[in-house]
Amino acid sequence: ADKSRCYCNPHGKMISSPPFRQRKIIGRIITAALFVGALFVLIAAKIHFTESIGSHRLDNDVTSSPNSRRQLQMLEKFGLSQHTAHLNFEIYNGETGETLLSLGDENEANPLNNLVDSRAPLNAHGRETAFFFHIRKSKGGAVKNIMTHCFNLRRAEKRTSPESLTFVDGVLNIDTQTLAGLKKAQETNLVDSGLVDVIVSSYFFEGMMLFNPTHQGRAFTFLPHPVYQTESLYRSLKKRYPDSFRRTDISEWVQSDAFTDNWVVRSLINQHSGELTEDHLVVAKIILAQKFVVGISQYPKETLKRLVMYYGWNEVNGNGFECMNYFLNLENDEDVQFEGKIERGSERWKLLSTVNKYDMDLYYYALQLFAKQGSTLFGRPYVDKDGVPIDFAKLKAQKDKEKFEAFLNSFHAGDE
């Protein structure tokens, strides 16, 4: 062999030819370049994941840093900006469907301006009145009794006919649980009258319209688990209207026109008919996070303790919490069970979860807000439902791992 063209060791034995060696070096360079490129992609993915607000971020201000282009487009679509979270409500004639007034983000008359942000100091912008958005089958009856009898808070509820601006058993005889009653409350300027300390209504939008930017409402609510809430509502209606429900089981009922799916999300965004989308859900989450002190029906005592701290309610005769426990323990207060008879994971459970999928998502988000507000508003430690402190570093590491695995899966899928 011609040694002038040979790549040899000190003993003269040929190791490889120059072209092979060049290919080997080029291959190593390409491999290193691919590795560096992949590293940059992973770093970029992690930065995007860390900065993205996501639909489940544990933050009261879910619009604080929307880096996602799709999120910005969606926020603009619903009259939101990255600095404010005001929904573009439409007021329409219920009979004709005619749009009477559209309130955009820039309009000072936007109804959400009637509610103070949950983190704002009390009475920072003028007079305020508490607003209890009462979700059906969420221990609302007990909460109303507790406010009246344990903390001497004045509220409105129809007790006798006709309605009047008089108190019956400590309650103003105005019905704020019907549209007609809310209209009368608005005509009589109930909020500014100073006759009530709390407005209670299951109509979020219409109840919010009782307030104004100079006399705002400070909202709270109790969220029930959607499956148990639906089951409880079905049992209650079946007991009240036995003839109508004799041959209708819960599976048939939730798939009929008589049932309103995703009632909480629909109430918050004021869309009571038509199909819902993920965008509607995000708007509902923004409203819940920014405008509400969030309570959970499964944790009524902890929620009520927070409300007492938040609003500065004064106990009657110093036995507020004993009184509170009394009403919470009343068996006939409401037909509510936090753990219903429908077995978790059963076909009925799956059906009710699917029908109310947006309320389910909102409920789990509310649980996160409940934990977050416990720390930011009330100095409570972060704990799970069993009282065990939450390791957020571990949760973050788990999310990073899931994000990395999802990236790898999508990378391999692209290769295929």
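The following exchange asks how several descriptions of this predicted model are reached.

User: What makes strand 8 and strand 10 the edge strands of the open sheet?

Analyst: The sheet has 4 strands in the order 8-5-9-10, with parallel pairing. Strand 8 (198-201) and strand 10 (292-296) are its edge strands because each pairs on one side only, where pairing requires at least two bridges between two strands. From one strand to the next, the twist averages 25°.

User: How do you know that strand 9 pairs with strand 10?

Analyst: Strand 9 (residues 215-223) and strand 10 are joined in the parallel sense over 5 bridges, and at least two are needed for two strands to count as paired, so the pair qualifies. One of the residues involved is threonine 221, whose bridge partner in strand 10 is valine 294. On this part of the sheet, helix 12 (residues 300-311) packs against strand 5 (127-133), strand 9 and strand 10, and its direction makes about 165° with that of strand 9. Helix 11 (residues 278-291) lies across strand 9 and strand 10, running at about 100° to strand 10.

User: What makes strand 5 and strand 8 a pair?

Analyst: Strand 5 and strand 8 share 4 bridges in the parallel sense, and because the requirement is at least two, they are counted as paired. Phenylalanine 132 has valine 200 as its bridge partner in strand 8. Along strand 8, Val198 and Val200 point one way while Ile199 and Ser201 point the other way, and all are buried.

User: Why is the contact of lysine 144 with glutamate 157 called a salt bridge?

Analyst: The closest N and O atoms of lysine 144 and glutamate 157 are 3.9 Å apart, and the limit for a salt bridge is within 4 Å, so the pair meets the criterion. The two residues belong to distant parts of the chain, 13 residues apart, with lysine 144 in helix 3 (residues 140-150) and glutamate 157 in the loop between helix 3 and strand 6 (167-168).

User: Why is lysine 144 given one accessibility class and glutamate 157 another?

Analyst: Lysine 144 has a relative accessible area of 13%, and because buried means under 20%, lysine 144 is classed as buried. Glutamate 157 has 23% relative accessibility, which lies in the partly exposed range between the 20% and 50% cut-offs, so glutamate 157 counts as partly exposed.

User: How do you know that lysine 285 and aspartate 361 form a salt bridge?

Analyst: Their side chains meet at 3.2 Å, N to O, and since the cut-off is within 4 Å, the pair is counted as a salt bridge. The link spans 76 residues, from lysine 285 in helix 11 to aspartate 361 in helix 15 (residues 357-376). Lysine 285 is buried at 3% relative accessibility, whereas aspartate 361, at 21%, counts as partly exposed. Elsewhere, Lys144, Arg155, Glu157, Arg159 and Asp169 are joined into one network by salt bridges that share partners.

User: What makes the pair of aspartate 249 and arginine 348 a tie between separate parts of the chain?

Analyst: Aspartate 249 forms a salt bridge with arginine 348, the closest N and O atoms being 3.6 Å apart. Aspartate 249 lies in the loop between helix 8 (242-245) and helix 9 (250-254) and arginine 348 in helix 14 (residues 347-355), so the salt bridge ties together parts that are 99 residues apart in sequence. Aspartate 249 is partly exposed at 29%, as is arginine 348 at 39%.

User: Why is the link of cysteine 150 and cysteine 323 called a disulfide?

Analyst: The S to S distance between cysteine 150 and cysteine 323 is 1.9 Å, and the cut-off is within 2.5 Å, so the pair counts as a disulfide. With -75° about the S-S bond, the link is left-handed. Cysteine 150 is in helix 3 and cysteine 323 in helix 13 (residues 320-328), 173 residues apart, and both cysteines are buried.

User: Why are helix 7 and helix 14 described as roughly perpendicular?

Analyst: Helix 7 (residues 226-240) and helix 14 pack at about 100°, with their axes 9 Å apart. Because angles of 65 to 115 degrees count as roughly perpendicular, helix 7 is roughly perpendicular to helix 14. Where they meet, Val227, Tyr228, Thr230 and Glu231 in helix 7 touch Trp349, Leu352 and Ser353 in helix 14.

Conventions:
Residues numbered from 1 in each chain as written. Predicted model: local features only at pLDDT ≥ 70, side-chain atom pairs only at ≥ 80, totals over all residues. Heavy atoms only, no water. Axes fitted to C-alpha atoms, helices over the stretch in contact; angles between N-to-C directions. Contact = heavy atoms within 4.5 Å. Buried < 20%, exposed > 50% of the residue type's maximum accessible area, 1.4 Å probe, protein only. Parallel < 35°, antiparallel > 145°, perpendicular 65-115°, else oblique.
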